[in-house]
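These exercises practise reading a protein model residue by residue. Keep the sequence and the structure in view while you work through each solution.

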Amino acid sequence: MGLSVTISAAAARDAEHILKLQYLCYQSEAELYGDWSIEPLTQSLDALRAELDEGYGLVARLGDEVVASVRARLDEDGTVRIAKLIVHPRMRRHGLGGRLLDAIENHFATGADRLPAPPAKRFRLFTGHRGEGDLRLYRSRGYTRVATGEAGPAVTLVTLEKAA
């Protein structure tokens with residue numbers, strides 16, 4: 001029997017592992033859109049650390065290996081901005097992305113550790129318009145399209161949202 005995947009809060013020591021996984025995971029996005037300059041592939045370790053400091057992150061581990069991650073932050077208006085939900089290519093299609101999405105939403109929905117921050121009113125995220133698997137996951141979790149916008153010559157970002 002194999003090891004089970006555990007989900008926990010991302011720590012500062014996880015930043016380098018998350019960045020390496022992010023680079024691996026976004027290779028397929030870059031290829032899909034023909035754009036290797038997308039932000040997840042150019043983000044620095046310091047910028048990732050700042051995102052973790054300013055918000056909240058989760059990692060999924062298989063044993064000691066970080067195999068998935070997600071980050072989010074709560075804005076002053078009560079919007080939780082979820083970003084960079086990544087799952088190692090060999091771990092995809094096993095429900096791990098959905099588990100991470102549920103866990104990050106649950107963290108912000110309960111809100112006890114962020115007082116006196118405002119309660120979460122909505123969850124918002126975005127993905128590329130060609131990411132059918134991502135769009136399917138988000139729709140299955142109750143997200144609906146609220147906007148689209150150009151992110152480059154070949155990339156249209158789809159913004160999705162749901163009430164908290």
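**Exercise 1.** In which strand is the place of Ala 68?

Solution. The model is a predicted one. Step one is to locate the residue: Ala 68 belongs to strand β3. Step two is to check its accessibility. The relative accessibility of Ala 68 is 0%, so it counts as buried, the cut-off being under 20%. Step three is to list its contacts, leaving aside neighbours within four places in sequence. Under that condition Ala 68 touches Leu 21, Leu 58, Val 59, Ala 60, Ile 86, Val 87, Leu 96 and Leu 100. Step four is to compare sequence and space: Ile 18 and Ala 68 are 50 residues apart along the chain, with 7.9 Å between their C-alpha atoms.

**Exercise 2.** Find the helix that holds Leu 21, and decide whether Leu 21 is buried or exposed.

Solution. Helix α1, residues 15–25, contains Leu 21. With a relative accessibility of 4%, Leu 21 counts as buried. Next, look at its partners. Once neighbours within four places in sequence are set aside, Leu 21 is in contact with Val 66, Val 67, Ala 68, Ile 86 and His 88. Of these, take Val 67: it is 46 residues from Leu 21 along the chain, and their C-alpha atoms are separated by 7.3 Å.

**Exercise 3.** Describe the surroundings of Glu 105, starting from its helix.

Solution. Glu 105 sits in helix α5, which runs over residues 96–110. Its relative accessibility is 8%, so Glu 105 counts as buried. Apart from neighbours within four places in sequence, its contacts are Ile 82, Phe 123, Tyr 143 and Lys 162. With Tyr 143 there is also a side-chain polar contact of 2.6 Å.

**Exercise 4.** How many residues has the largest nonpolar core, and which elements each supply at least two of them?

Solution. Begin with a general tendency. In soluble globular proteins, nonpolar side chains tend to be buried together. Here the largest nonpolar core has 26 residues, and Val 80, Ile 82, Leu 96, Leu 101, Ile 104, Phe 108 and Tyr 143 have the most contacts inside it. At least two residues of this core come from each of β2, β3, β4, α5, β5, α6 and β7. A second core, separate from this one, has 14 residues, including Cys 25, Ile 38, Leu 41 and Ile 86.

**Exercise 5.** Compare Lys 84 and Arg 93 by phi, place and accessibility.

Solution. Start from the usual case. Most residues other than glycine have a negative phi. Lys 84, though not a glycine, has a positive phi of about 55°. For Arg 93, also not a glycine, phi is positive at about 70°. Now place them: Lys 84 is in strand β4, while Arg 93 is in the loop between β4 and α5. Lys 84 is buried, with a relative accessible area of 11%, whereas Arg 93, at 78%, counts as exposed.

**Exercise 6.** How many residues line the largest pocket, and which strand gives the largest share of the lining?

Solution. The space in the largest pocket comes to about 1400 Å³. Its lining has 47 residues, and Tyr 26, Leu 85, Thr 127, Asp 134 and Tyr 138 lie nearest the centre. Strand β4, residues 79–87, gives the largest share, seven residues. By type, the lining has 21 nonpolar, 11 polar and 15 charged residues.

Definitions and conventions: Residues are numbered from 1 along each chain as its sequence is written. This is a predicted model: local features need pLDDT of at least 70, side-chain atom pairs count only at pLDDT 80 or more; totals for chains, interfaces and linings use all residues. Side-chain values use heavy atoms; hydrogens and water are left out. On a 1 Å grid over the protein atoms alone, a cavity is a set of points where a 1.4 Å probe fits but cannot get out, and a pocket is an open set with protein on both sides within 12 Å along at least five of seven lines; lining residues have an atom within 4 Å of a point. Grid points are joined across faces, edges and corners, and a volume is the space filled by probe spheres set on the points. Helices (H or I, at least four residues) and strands (E, at least two) are DSSP runs, numbered from the N terminus. Ala, Val, Leu, Ile, Met, Phe, Trp, Tyr, Cys and Pro count as nonpolar, Asp, Glu, Lys and Arg as charged, and the others, Gly among them, as polar. Buried means under 20% relative accessible area, exposed over 50%, partly exposed in between (1.4 Å probe, protein chains only). A polar contact is a pair of N or O atoms within 3.5 Å; within protein, one must be able to donate a hydrogen and the other to accept it, and residues adjacent in sequence count only if both atoms are side-chain atoms. Contact means heavy atoms within 4.5 Å. A nonpolar core is a set of buried Ala, Val, Leu, Ile, Met, Phe, Trp, Tyr and Cys residues joined through side-chain atoms within 4.5 Å.
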